[in-house]
Amino acid sequence: MGDYHFVYKDLEGASTQWDDIQRKLGNLPEKAPAFKPPPFTPAEDEDSIPKDKSWIDKKTEEELEDLEDDLDDDQFLEEYRKKRLAEMRVTAKVSRFGTVVPISGSDFVREVSQAPPDVWVVVILYKDGYQQCGVLLKCLEELATRYPATKFVKIISTDCIPNYPDCNLPTLLVYNNGAVKANYVGLHNFGRRCTPEGVALVLCQSDPVLNDGQNGSEASRESVVEGVRRRFLEKVVKEHENDDDGYSSD
């Protein structure tokens, strides 16, 4: 009669006397350690975290808004919450624009008419191959970079208004809160020599159209115009200095 080896199944990690004897004799490998679940560590309670500036800094914009009614007892943290929220909103607005974005006729309502009420939108109606359109577009591209909280878009004239006369190009429209606030037909509106500064002053004749995002939507027309004039003077001085540097006498 041959030898028979019986294997008995038992609970995981359990051992029989026979197995223990065989292990002592070296006939079986050492028993694997029984499974032990990791020790329970309770999640960090939000209320146990010290509430300070670093705690506020880790919050998202949405989380900061939700805290509006929770920090009434701590005036310092409530003021800091408001400050952080304002900074985040300004940053979001500044990063929103910064270039002249091409749009189609089907985009116009969404991108222009339905823009948020605190956003000014400058629209140029143009066509490729027209020199005057290129001159104004170049000015707008510089202004879009300088005033990233103002939205600049460009659209082929006939995509915007069917059969729009080419003799009216370029045309500039200024929108705010869904309404046209100003329109400028032709390049002659921006002076004999069309410059970014000249265009900026025309745009801000009656409203604070241009905004660099530093003062939110509270920038006044006067402060914007003052900033434009300051930049214009700085540019003139710089060009004069460059001319002097390039001048040499024999």
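E111 is partly exposed, with a relative accessible area of 21%. That is a good place to step into this predicted model, because a residue counts as buried only under 20%. Which residue does the side chain of E111 meet in a salt bridge? The partner is K151, and the N to O distance is 2.7 Å. This pair ties together distant parts of the chain: E111 sits in helix α5 and K151 in strand β3, 40 residues apart. K151 has a relative accessibility of 11%, so this end of the bridge counts as buried.

Stay around helix α5 for a moment. D107 forms a salt bridge with R110, and here the closest N and O atoms are 3.2 Å apart. Are the two ends buried or partly exposed? D107 counts as buried, at 19% relative accessibility, while R110 is partly exposed, at 47%.

Now look over at another pair, K127 and D166. Their salt bridge has its closest N and O atoms 3.0 Å apart. Like the bridge from E111, this one links distant parts of the chain. K127 lies in the loop between β2 and α6, D166 lies in the loop between α7 (157–160) and β4, and 39 residues separate them. D166 is partly exposed, with 29% relative accessibility. Back with the earlier residues, D107, R110, E111 and K151 are joined into one network by salt bridges that share partners. In total, the structure holds six salt bridges.

Time to zoom out. How many helices and strands does the protein chain have? There are nine helices and five strands. If you read along the sequence, the pattern goes α-α-α-α-β-α-β-α-β-α-β-β-α-α. Of the contacts with a separation of 6 or more, 63% are between residues 24 or more positions apart. Buried residues make up 33% of the chain's 250 residues.

So what sits in the middle of the nonpolar packing? The largest nonpolar core has 46 residues, and V123, L140 and L203 are the ones that touch the most other members. Plenty of elements chip in at least two residues each: helices α5 (108–113), α6 (131–146), α8 (196–203) and α9 (221–246), along with strands β2 (120–126), β3 (151–156), β4 (171–176) and β5 (179–185).

L203 is worth a closer look. Leaving aside residues up to four places away in sequence, L203 touches V122, L143, L172, V174, Y184, V209 and L210. L203 is also one of the buried residues of helix α8, and the others are P196, E197, V199, A200 and V202. Why is α8 described as largely enclosed by the rest of the structure? Because six of its eight residues are buried.

Finally, head for the outside. The accessible surface of the protein chain comes to about 17,100 Å², and carbon and sulfur atoms account for 50% of that. Which residues make a nonpolar surface patch of about 270 Å²? They are F232, L233 and V236. V236 lies in helix α9, a helix that also supplies at least two residues of the largest nonpolar core. V236 itself counts as partly exposed, at 40% relative accessibility.

Technical notes: Residues numbered from 1 in each chain as written. Predicted model: local features only at pLDDT ≥ 70, side-chain atom pairs only at ≥ 80, totals over all residues. Heavy atoms only, no water. Core = buried A, V, L, I, M, F, W, Y, C linked by side-chain atoms within 4.5 Å. Buried < 20%, exposed > 50% of the residue type's maximum accessible area, 1.4 Å probe, protein only. Helix = DSSP H or I, 4+ residues; strand = E, 2+ residues; numbered from the N terminus. Contact = heavy atoms within 4.5 Å. Salt bridge = Lys/Arg side-chain N within 4 Å of Asp/Glu carboxyl O. Areas by Shrake-Rupley, 256 points an atom, 1.4 Å probe, with all protein chains shown as cover. Patch = residues over 30% accessible without salt bridge, like charges linked within 9 Å, V, L, I, M, F, W, Y side chains within 5 Å.
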